[in-house]
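This report walks through a protein model from its overall fold to the contacts of individual side chains. Please keep the sequence and the coordinates at hand while reading.

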Amino acid sequence: MDRQQGTPQGGPLSPLLANVLLDEVDKALEARGYSFARYADDCNVYVGSVKAGERVMGLLRKLYAGLKLQINEAKKRGGQVPSGANSGLCAVGG
């Protein structure tokens, strides 16, 4: 396959670059008080309602666009997480 941009999926450099590039997104989520977990380019943001999930997805789209990235809408989802410390709804972008 002839590649014009990006790094090979599954390569050792890809998660490192994602962590460096998406640090700005982490800081924006932290500044707004969101509970979240990011693993390389996958991100779970824990919110308390569907409306809050829609708001955070809008924020993530804006932040990613500023980095010339886009969320894979096919992987994006929201749903209930099991009860526990972070119970509530979850918005996922990646």
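The text below takes up the overall architecture, the nonpolar core, the salt bridges and two backbone details in turn.

**Overall architecture**

The model is predicted rather than determined by experiment, and the local features described here are restricted to residues with a pLDDT of at least 70. The protein contains 3 helices and 4 strands, and, read from the N terminus, these elements follow one another in the order α-α-β-β-α-β-β. Of its 94 residues, 32% count as buried, while the exposed area comes to about 6,400 Å², of which carbon and sulfur atoms supply 52%. When contacts between residues at least 6 apart in sequence are considered, 44% of them join residues at least 24 apart.

**The nonpolar core**

In soluble globular proteins, nonpolar side chains tend to be buried together. The largest nonpolar core of this model has 17 residues, and the members that touch the most other members are Leu22, Val25, Leu29, Val45, Leu60 and Tyr64. Two or more residues are given to this core by each of helix H2 (23–31), strand E2 (42–47) and helix H3 (50–66), with H3 giving the most, namely 7 residues. Valine 25 offers a view of how its surroundings are made up: once residues up to four places away in sequence are set aside, valine 25 touches Leu60, Leu63, Tyr64 and Leu67.

**Salt bridges**

Side chains of opposite charge can pair when their charged atoms come close. The structure holds 3 salt bridges, which are listed here with their N to O distances.

| Basic residue | Acidic residue | N to O distance |
|---|---|---|
| Lysine 27 | Aspartate 23 | 3.1 Å |
| Arginine 38 | Aspartate 26 | 2.7 Å |
| Arginine 61 | Glutamate 73 | 3.0 Å |

What separates lysine 27 from aspartate 23 along helix H2? The two residues are 4 apart in that helix, which means that about one helical turn lies between them. Aspartate 23 is partly exposed, with a relative accessible area of 33%.

The salt bridge between aspartate 26 and arginine 38 has a closest N to O distance of 2.7 Å. Because aspartate 26 lies in helix H2 and arginine 38 in strand E1 (residues 35–39), this pair ties together parts that are 12 residues apart in sequence. Are its two partners buried or exposed? Aspartate 26 counts as buried at 11% relative accessibility, and arginine 38 is likewise buried, with a relative accessible area of 15%; both assignments rest on the cut-off of under 20% relative accessible area.

The side chains of arginine 61 and glutamate 73 also meet in a salt bridge, at 3.0 Å from N to O. Arginine 61 belongs to helix H3 and glutamate 73 to the loop between H3 and strand E3 (77–81), so this pair, too, ties together parts that are 12 residues apart in sequence. Here arginine 61 is partly exposed, with a relative accessible area of 35%, and glutamate 73 counts as partly exposed at 40% relative accessibility.

**The surroundings of arginine 38**

Apart from its salt bridge with aspartate 26, arginine 38 takes part in further polar interactions. Its side chain is joined to that of asparagine 19 by a polar contact of 2.9 Å, and a polar atom of the arginine 38 side chain lies 2.5 Å from the backbone oxygen of alanine 40. Leaving aside neighbours within four places in sequence, arginine 38 is in contact with Ala18, Asn19, Leu22, Asp23, Asp26 and Cys43. This list includes Leu22, which is also one of the core residues that touch the most other members, and Asp23, the salt-bridge partner of lysine 27.

**Two residues with positive phi**

Alanine 40, whose backbone oxygen was mentioned above in connection with arginine 38, has a positive phi of about 55° although it is not a glycine. Alanine 40 is placed in the loop between E1 and E2 and counts as partly exposed at 22% relative accessibility.

Lysine 68 likewise has a positive phi, near 65°, in a residue other than glycine. Lysine 68 sits in the loop between H3 and E3, and at 76% relative accessibility lysine 68 counts as exposed.

Note on methods
Residues are numbered from 1 along each chain as its sequence is written. This is a predicted model: local features need pLDDT of at least 70, side-chain atom pairs count only at pLDDT 80 or more; totals for chains, interfaces and linings use all residues. Side-chain values use heavy atoms; hydrogens and water are left out. Buried means under 20% relative accessible area, exposed over 50%, partly exposed in between (1.4 Å probe, protein chains only). Contact means heavy atoms within 4.5 Å. Accessible areas come from the Shrake-Rupley method with a 1.4 Å probe; for residues, only the protein chains shown count as cover. A nonpolar core is a set of buried Ala, Val, Leu, Ile, Met, Phe, Trp, Tyr and Cys residues joined through side-chain atoms within 4.5 Å. A salt bridge is a side-chain nitrogen of Lys or Arg within 4 Å of a carboxyl oxygen of Asp or Glu. A polar contact is a pair of N or O atoms within 3.5 Å; within protein, one must be able to donate a hydrogen and the other to accept it, and residues adjacent in sequence count only if both atoms are side-chain atoms.
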